[in-house]
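Biologist: Could you take me through one part of this protein slowly, as if I were meeting it for the first time? I would like a close look at the sheet and what surrounds it.

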Amino acid sequence: MTTPTPATRRFAAVAGPVALAILGVFLSLFAAVAVDAQPRTPGRVAAVFPPWWSAAQIIGAAGSAGDIAGAGGASFIVILRGDPTDLSQRARDAGALLLLDPALAGACARPEPSS
């Protein structure tokens, strides 16, 4: 006669692979969104700076990367305009963690004023 496997052991045997599968799905979705959200116009980007930076640090870093065209929906997201040849690199060098297309960034995109 075999002894039954305790319920905690069965749960642990199932929970690990399920957790890995869920993590894989989330990472795949994040990668797909990140690729789709890349700036379409290299002269205008939404730069996401570290959330733990102060407002002064963020504004200083953003200003060193390009012209500040607007603020995002969160205090650490800044819309930048600048030379399309090096704006992205300058923003990364200034400390931006992520660069997004302002039009696809949802809440961080504010309409650009018409001239």
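Modeller: Happy to; here is a walk through the sheet, strand by strand, and then its surroundings. Please keep in mind that this is a predicted model.

Let's begin with the whole chain, so you can find your way around. The protein chain has 3 helices and 4 strands. Starting at the N terminus, these elements follow one another as α-β-α-β-β-α-β.

Now to the sheet itself. The 4 strands form an open sheet, and their order in it is β2-β3-β1-β4, with antiparallel pairing. β2 and β4 (98–100) each have a single partner strand and stand at the edges, so one side of each is left without a neighbour in the sheet. On average, neighbouring strands of this sheet are turned by 35° against each other, direction ignored. What holds such strands side by side? In general, the strands of a sheet pair through backbone hydrogen bonds, and the pairing can be parallel or antiparallel.

Let's start at the β2 edge. Strand β2 covers residues 67–71 and strand β3 covers residues 77–81. These two run antiparallel and are joined by 4 bridges. If you would like a pair to look for on your screen, try I68, which stands opposite L80 in β3. Together β2 and β3 make a hairpin, with 5 residues between them.

At the other end of the order you will find the pairing of β1 with β4. Strand β1 spans residues 44–48, and 3 bridges join it to β4, again in an antiparallel arrangement. A pair to look for here is V48 and its bridge partner in β4, L98.

Next, look at what lies across the sheet. Helix α2, made of residues 55–65, lies across β2 and β3. The helix runs at about 20° to β3, so the hairpin strands you have just met are also the ones this helix crosses.

Before you leave, turn to helix α1, which takes in residues 7–36. One of its residues is L23, and this leucine is partly exposed because its relative accessible area is 47%, which falls between the 20% limit for buried and the 50% limit for exposed. L23 also belongs to a nonpolar surface patch with L20 and L27, and the three have about 320 Å² of accessible area together.

Finally, step back to the chain as a whole. Of its 115 residues, 27% are buried. The protein chain exposes about 7,600 Å², and 66% of that comes from carbon and sulfur atoms.

Definitions and conventions:
Residues are numbered from 1 along each chain as its sequence is written. This is a predicted model: local features need pLDDT of at least 70, side-chain atom pairs count only at pLDDT 80 or more; totals for chains, interfaces and linings use all residues. Side-chain values use heavy atoms; hydrogens and water are left out. Patches are made of residues with over 30% relative accessible area and no salt bridge: like charges are joined within 9 Å, nonpolar side chains (Val, Leu, Ile, Met, Phe, Trp, Tyr) within 5 Å. Accessible areas come from the Shrake-Rupley method with a 1.4 Å probe; for residues, only the protein chains shown count as cover. A salt bridge is a side-chain nitrogen of Lys or Arg within 4 Å of a carboxyl oxygen of Asp or Glu. Buried means under 20% relative accessible area, exposed over 50%, partly exposed in between (1.4 Å probe, protein chains only). Two strands pair if DSSP finds at least two bridges between them. Axes are lines fitted to C-alpha atoms, for helices over the stretch in contact, and angles run from 0 to 180 degrees between N-to-C directions. Contact means heavy atoms within 4.5 Å.
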